[in-house]
Structure formats: structure tokens, C-alpha cells
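Reader: Could you take me through one part of this model closely, beginning with a single side-chain contact and then working outward to the charged pairs? I would like a careful, connected account.

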2 protein chains.
Amino acid sequence: MPGKIAARTAPKETKAYAQAGVDIDLADSVKGGLKRTLARVGRPEVLGKAGGFGGLFDLSKSGYRRPVLVSSVDGVGTKLKLAFGTGRHEGVGRDIVNHCVNDIAVLGAEPLFFLDYVGMGKLEPGVFQGILSGMAEACREARCALIGGETAQMPGFYRTGEYDLVGSVVGAVEKPKILSGAAIRPGDKLVGLGSNGLHTNGYSLATKIFFNKLRYRMDDRLPGGEVTVADALLEPHLNYARLMLRLFSRLNTGSRSDTRRGNAIFGAAHITGGGFTGNIPRIVPEKCDVVIDTGTWTRPRVFDILATEGGVAFDELYEVFNMGIGMVLVVSPDAAQDVVRRCRRARQPAWTIGEVTRGKGRVHLR
Amino acid sequence: MPGKIAARTAPKETKAYAQAGVDIDLADSVKGGLKRTLARVGRPEVLGKAGGFGGLFDLSKSGYRRPVLVSSVDGVGTKLKLAFGTGRHEGVGRDIVNHCVNDIAVLGAEPLFFLDYVGMGKLEPGVFQGILSGMAEACREARCALIGGETAQMPGFYRTGEYDLVGSVVGAVEKPKILSGAAIRPGDKLVGLGSNGLHTNGYSLATKIFFNKLRYRMDDRLPGGEVTVADALLEPHLNYARLMLRLFSRLNTGSRSDTRRGNAIFGAAHITGGGFTGNIPRIVPEKCDVVIDTGTWTRPRVFDILATEGGVAFDELYEVFNMGIGMVLVVSPDAAQDVVRRCRRARQPAWTIGEVTRGKGRVHLR
């Protein structure tokens with residue numbers, strides 16, 4: 001993305017402004033590294049410069065016939081506290097990108113470009129560089145341009161060393177290929193894609209349990225394992241989007257994605273805030289329930305600790321955490337095996353975890 | 001935007017989660033009003049529901065032949081402190097939308113849709129409702145869909161009653177109509193569009209001057225006027241985009257906007273962070289300077305106070321604040337009068353404030 005640096009704006013340093021607390025010369029201390037990092041995260045549709053007030057993406061080059069733009073905005077949430085506590089900022093950069101691209105992938109959309117916002121008290125170049133390199137790496141993997149951003153220095157808003165991190169993604173899907181969930185029927189199978197940890201949800205509760213209730217420290221090892229609590233809790237949100245888009249293009253060859261004809265995958269739910277209970281009903285038709293057998297998959301150890309020592313009720317676990325399943329695909333019964341196999345071949349753990357029944361929009365967990 | 005409510009996500013309330021500090025039932029206390037507010041801010045291209053993981057905008061309906069997407073992300077910055085102090089939140093909702101749409105209008109882009117992020121400690125429905133109604137109203141005026149948002153409750157990040165507010169806009173422009181500034185030449189005139197206050201920039205310094213140095217209180221009246229300090233400082237960022245897009249469509253009828261043929265307006269600079277000095281060079285060709293006569297326009301009183309009592313050097317004033325000019329258009333010499341007249345007819349104060357000369361990308365202020 002050469003020449004797009006100016007799309008990231010920051011207050012210009014001046015003398016009185018510096019005295020008012022906004023005093024980092026972003027241009028000198030960070031922009032050099034920024035330029036190198038961002039140069040790796042382009043797409044052919046990104047147009048250079050033109051003032052830098054906005055990022056320019058030439059959609060006419062992308063070859064869409066009936067493009068529907070799909071957008072989402074999200075934050076990393078209180079997981080950031082762990083980045084502050086450990087000084088590890090690259091992972092949360094990945095988190096925000098992957099959360100965003102997964103959110104639009106459930107609708108069948110390919111990510112086109114991403115914009116970030118970092119709000120902080122004073123810009124600390126090392127911290128910022130860490131966040132940015134995580135975002136850039138995740139954008140590169142997602143084939144998504146990092147097209148713009150804003151770094152806001154807000155003295156008195158954020159504690160020293162703290163920040164908020166927000167991302168916004170725009171993707172596109174051909175109109176007839178929007179994955180709406182409308183074709184889902186009783187009898188369809190749920191394929192769960194494994195997560196590697198909490199991703200970006202449930203941290204207010206999880207950190208309370210680990211650090212207040214169970215009195216772990218960041219660098220304690222999890223029982224029976226090699227990883228520390230910090231490692232486990234900081235695992236970045238996985239990108240499911242690339243695999244999903246590949247599956248859709250191979251297995252959903254019907255002319256429309258809201259019918260069953262020619263398609264194998266009828267819906268996808270990203271398991272984020274609200275867990276299973278909050279997210280699966282968002283795509284399942286009103287006259288259906290889903291039944292999930294929670295014994296069908298292997299979960300990261302961190303969830304076992306939350307479940308056994310956390311004092312959280314069974315139902316609530318699945319309302320707050322992803323419990324080891326970051327994405328649920330609803331697939332035709334005869335395709336479930338094939339979908340699972342294709343995921344595993346791509347090194348993405350996957351299991352058939354349940355099915356769709358007649359009902360009224362509820363999630364039953366066994 | 002009926003049916004799009006689910007695109008705004010928030011943590012689902014659960015028992016242990018509530019004890020961890022995330023305990024507002026957004027669904028009950030806010031979503032009703034949200035639905036009513038957002039129903040007024042649609043566009044025909046917005047597609048209803050489909051899960052709500054992302055906002056859907058059917059660009060194929062917009063009639064673009066060679067669409068370039070133009071995007072920007074921004075925050076309101078420390079102006080928010082004044083919203084906290086006065087309990088007036090609607091204006092900052094307008095601020096963030098107008099800042100964003102102005103940023104992409106300088107490239108010739110029409111805003112299509114907007115997404116917001118509100119990070120707060122605990123959701124206070126009244127505060128949230130105020131922000132949202134300001135955003136909705138500004139989106140309606142900008143003919144921009146409010147397509148999605150995120151409300152993040154982050155206990156321990158933000159002080160009680162405080163929040164950060166971020167917006168992201170996506171617009172579109174026909175590729176040959178991108179306003180790049182490439183056609184600007186020595187001799188062109190600068191038309192300044194009046195601002196109504198600081199918009200969203202320079203607040204860290206301005207509040208320090210007003211409240212620490214000059215010892216004003218929020219509800220003191222400005223010298224010689226009826227408005228209070230709070231009124232003056234909270235004036236929302238103006239939307240210049242509608243007027244600008246109308247001017248472009250009337251006066252830039254050439255087949256390409258990066259040439260002079262058939263066009264009257266060759267560039268536009270949004271005077272935000274960095275003031276005149278930081279923003280005008282972003283669009284002026286490298287071999288040009290601009291010369292601005294600072295006595296040519298009428299400025300809101302707040303700037304006179306900053307200039308006379310603030311103890312800020314003359315140059316710095318124009319590096320930090322918009323000083324009464326929120327947008328600068330670079331126009332052909334024979335069109336300047338007409339552009340000014342058209343602006344004034346639309347009740348937008350405007351003046352010819354300077355001109356382009358040979359040079360090397362500098363801004364000279366007299």
C-alpha cells in the first residue's frame with residue numbers, strides 16, 4: 001500500500017499542543033516502520049495517495065457483477081488488559097482483524113479492506129508498532145488491504161500504557177451468493193470449527209475467575225500443561241474466513257445460496273459475544289431448534305478450568321464463551337463428513353457437533 | 001433500516017458476567033429506542049437482516065459504473081470531555097458522522113454507509129440514546145445509512161460516565177471523478193467554507209486554555225455574547241459534504257476530475273487535525289504553495305479568544321485549529337465568485353481566502 005500512509009491521521013505536534021499532552025511526533029518515530037509494514041498489506045485494487053483523507057479501493061477492478069458490500073465494526077474488549085499486563089500487543093492486532101473478517105465471512109463475503117482505530121493517552125511507538133504488525137500480518141493472511149486508520153492521542157482518557165483498539169472491515173459478496181441461513185432445514189448437521197482459546201469474548205468474566213477467584217498469576221502454568229495462563233488467554237482469534245470462502249466456492253455451486261439446490265453449506269455462525277446461545281439463533285430459521293452434543297469435540301484446556309473451577313453454570317458457559325468452537329457451519333446431512341474432512345485437511349480441527357430439529361429458535365445443549 | 005438492529009452487537013447479560021461488571025441488558029433498555037431511531041436512517045440499498053453479523057449494502061443498486069470505494073475512520077477526541085461535563089451527548093454523535101463524511105467528500109465521494117463504535121465502562125441507556133440520536137440525525141442529513149455498530153462494555157477501561165466514540169464511513173465515487181488535486185495550478189483561488197467552532201480538533205489545547213489558563217467555567221458566557229463556553233465548544237462539526245457533492249455535480253462536468261477541462265473545482269481539503277498547515281498540502285501539487293489572507297473571513301468568537309488571550313503563537317493557531325474555516329476548495333480563478341455565491345445561497349458562509357502560487361508545498365499565512 002505504498003503512498004497510503006497519509007490515510008492514517010494523527011494530530012500534528014506543535015509547541016502549545018505538546019504542553020497540552022499531545023506530544024509524540026508520530027511522523028518521525030513511527031511512520032518509517034509503518035510504511036514498511038503497510039507496504040506488505042496491499043491489494044491490486046488499492047489506489048495510491050490522492051491526499052490521504054480517505055482510503056481508495058477500486059471495486060471496479062474486483063470483477064464483481066452484483067456486489068453487495070458487507071461491513072462490520074468491532075473492538076477487542078477487555079482482552080486488551082492482558083496485552084497491557086504482559087506487554088504483548090501483536091496478538092490483539094491479529095484479534096481485531098480476524099474477529100472482523102470472520103463476522104463478514106458468515107455472510108459469504110470476502111474481506112476487501114480494513115481500517116483501525118487506536119485510542120490512547122500518549123502514543124508509545126513500541127506498543128503501536130506491535131499492534132500494527134499484528135494487524136498487518138492478519139490482513140495479509142486474510143488477503144485484505146489495510147487501507148486506513150486513526151491514532152487518537154487523548155490525554156486523560158486512557159491510563160498510561162493502555163489503549164482501546166477498534167477495527168472496521170468491508171467485504172463483498174455477489175448478491176445471489178449471500179449466505180442467509182434461509183435454506184436451513186431440520187435434519188441439517190452442525191459442523192463446529194475448533195477455536196484455540198477465548199478469542200475475544202468473555203474476558204471480563206474469565207480474568208475475574210483466573211486472577212481474582214483462582215489467584216493465578218500471568219506466568220503460572222496451566223495445570224497439566226506447558227503454556228502459561230497469559231499464553232492461553234492471549235491466543236489470537238483464529239481466521240476462519242479463508243477456509244470458509246474456499247469451502248463455499250467448492251461446495252456451494254448453486255446459482256443462489258439461499259436455496260438448497262447445488263449447495264452443501266446453508267449457514268454459518270461466528271461464536272462471539274453471546275456464545276452458542278446468542279449467535280446460532282441469528283442464522284437458524286424461526287421454526288428450527290438446534291441440538292448440540294457438547295461431548296463431541298476437544299476443547300482447549302482453558303475452557304475445562306473455567307468449567308470445573310470457575311463456578312460458572314453449564315448454560316452460562318455456552319452463553320459467554322465459545323467453549324472451543326469458534327465457528328459453526330450448518331450443512332446438509334450428506335455433506336457433513338466431507339466438510340469435516342476438508343477442514344481437517346486444511347489443519348482446522350472440526351467435528352460434527354449437533355443437528356437442526358423442528359422448534360422455535362432455541363439452542364439445546366447436552 | 002428495519003431488521004438491521006442485530007448488526008449492533010453487545011455482550012449478552014448472564015449472571016456471572018453481570019458480577020464481572022458487564023450487566024446492562026441492552027436488549028430491553030435500549031434496543032426499542034434504537035429500532036425507532038435507526039428505522040429513519042436507511043437507504044434503499046440496505047438489505048434487511050441475514051443474521052446481523054454484518055451490515056449489507058447492495059452496491060449493485062446504486063448505479064455506479066466504475067465504483068471506487070472511499071473509506072475513513074475517525075474519533076471525536078477530547079471534545080468528548082465536554083460532553084461528559086455537560087451531559088450533552090447528541091452533538092458528539094453528529095460530530096463523528098460529519099467528520100467522517102467530510103473526509104471522504106474531499107475525494108468526491110458520496111457517503112453510502114456509516115458504522116459506529118462506542119466503548120464505555122457501563123452502558124448508560126440515556127447517554128447511549130443521546131449519542132445515537134445525534135448520529136442518526138447526521139446520517140439522515142448526509143443520506144448515509146447507519147448500517148451497524150458495536151457497543152463495548154469494558155469495565156475498568158473507562159471512567160463512569162465516560163466513553164470513546166469512533167466512526168467509520170464508506171462512500172463511493174466514479175473512478176474518473178476522484179478529486180485528486182492533480183489539476184491544481186498556480187493562480188487558482190482558495191474558497192474557504194466557514195466553520196461554526198472547533199469542530200473536532202484542538203480540544204486538548206482549547207480546553208486547557210479556557211478552563212485552566214483563563215479559568216472559565218462551562219456555563220460562563222463568552223465575552224460580548226450570549227452563548228456559553230460550553231455552547232461554543234460543543235458546536236457540532238458541520239456537514240460540508242452535501243453542498244460539496246452538489247457543487248461537484250454542477251460545476252465539475254468534465255469527463256475526468258483530475259484535469260481542468262470542464263471543471264471548476266480541482267481539490268478540497270478538510271481542515272481537521274493539523275489545521276491549515278497540515279491539511280492543505282495534502283492536496284496541493286508539490287510545485288505549488290498557497291498564500292492565505294487570514295483577514296478575509298469572519299470567524300466564530302471562540303477563535304478570537306484563543307488568538308488574543310490564549311497565548312498561542314499565530315502560526316500555531318493555524319496548525320491546531322480550523323480558525324473559522326472548516327473546508328477549503330481550490331477552484332479556477334474565474335469560478336471563485338460563483339462558488340462563493342452558490343455556497344452562500346445554500347446558507348453556507350464562504351469567502352475567497354487565498355490563492356495558489358508557484359512553490360514547494362508550503363502554506364503562507366498573512
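Author: The place to begin is a polar contact of 2.7 Å, which joins the side chains of B:Asn322 and B:Ser195. This is a predicted model, and the distances that follow should be read with that in mind. B:Asn322 belongs to the loop of chain B that runs between α12 (314–320) and β11 (325–331), and because its relative accessibility is 2%, B:Asn322 counts as buried. The side chain of B:Asn322 also reaches the backbone nitrogen of B:Gly324, at 2.8 Å. Taken together, the side chain of this loop residue has one contact with the side chain of B:Ser195 and another with the backbone of B:Gly324.

From this polar site one can move to the charged pairs of chain B. The side chains of B:Glu110 and B:Arg43 meet in a salt bridge, with 3.1 Å from N to O. B:Glu110 lies in strand β5 (residues 110–120) and B:Arg43 in the loop between α3 (31–39) and β2 (46–47), so this pair ties together parts of chain B that are 67 residues apart in sequence. The two partners fall into separate classes of accessibility: B:Arg43 is buried, since its relative accessible area is 16% and the cut-off for that class is under 20%, whereas B:Glu110, with a relative accessible area of 25%, is partly exposed.

Another salt bridge of chain B links B:Asp338 with B:Arg341, the closest N and O atoms being 3.6 Å apart. Here the sequence separation is of another kind, because B:Asp338 and B:Arg341 are three residues apart in helix α13 (residues 336–345) and are therefore separated by about one helical turn. B:Asp338 counts as partly exposed at 21% relative accessibility, and B:Arg341 is likewise partly exposed, with a relative accessible area of 46%.

In chain A, salt bridges link A:Arg43, A:Glu45 and A:Glu110 in a network. A further pair in that chain is A:Lys189 and A:Glu355, which form a salt bridge whose closest N and O atoms are 3.2 Å apart. Since A:Lys189 lies in strand β8 (residues 189–194) and A:Glu355 in strand β12 (residues 350–358), the pair ties together parts of chain A that are 166 residues apart in sequence. A:Lys189 counts as partly exposed at 25% relative accessibility, and A:Glu355 counts as partly exposed at 32%. For the wider setting, a search of the whole structure finds 34 salt bridges over all chains.

Charged residues also appear in a surface patch. A:Arg143, A:Arg242, A:Arg246 and A:Arg250 form a positive surface patch. One of these residues, A:Arg246, lies in helix α9 (residues 241–251) of chain A, and A:Arg246 counts as partly exposed because its relative accessibility is 36%.

A last arginine to place is A:Arg88, which is found in the loop between α4 (80–86) and α5 (90–105) of chain A. At 38% relative accessibility, A:Arg88 counts as partly exposed, and its C-alpha atom is separated by 29 Å from that of A:Phe276, a residue 188 positions away along the chain.

Technical notes. Residues are numbered from 1 along each chain as its sequence is written. Chains are lettered from A and ligands numbered from 1 in the order in which they are written. This is a predicted model: local features need pLDDT of at least 70, side-chain atom pairs count only at pLDDT 80 or more; totals for chains, interfaces and linings use all residues. Side-chain values use heavy atoms; hydrogens and water are left out. Patches are made of residues with over 30% relative accessible area and no salt bridge: like charges are joined within 9 Å, nonpolar side chains (Val, Leu, Ile, Met, Phe, Trp, Tyr) within 5 Å. Accessible areas come from the Shrake-Rupley method with a 1.4 Å probe; for residues, only the protein chains shown count as cover. A salt bridge is a side-chain nitrogen of Lys or Arg within 4 Å of a carboxyl oxygen of Asp or Glu. Lys and Arg count as positive and Asp and Glu as negative; His and the chain ends are not counted. The place of a charge is taken as NZ of Lys, CZ of Arg, CG of Asp or CD of Glu. Helices (H or I, at least four residues) and strands (E, at least two) are DSSP runs, numbered from the N terminus. Buried means under 20% relative accessible area, exposed over 50%, partly exposed in between (1.4 Å probe, protein chains only). A polar contact is a pair of N or O atoms within 3.5 Å; within protein, one must be able to donate a hydrogen and the other to accept it, and residues adjacent in sequence count only if both atoms are side-chain atoms.
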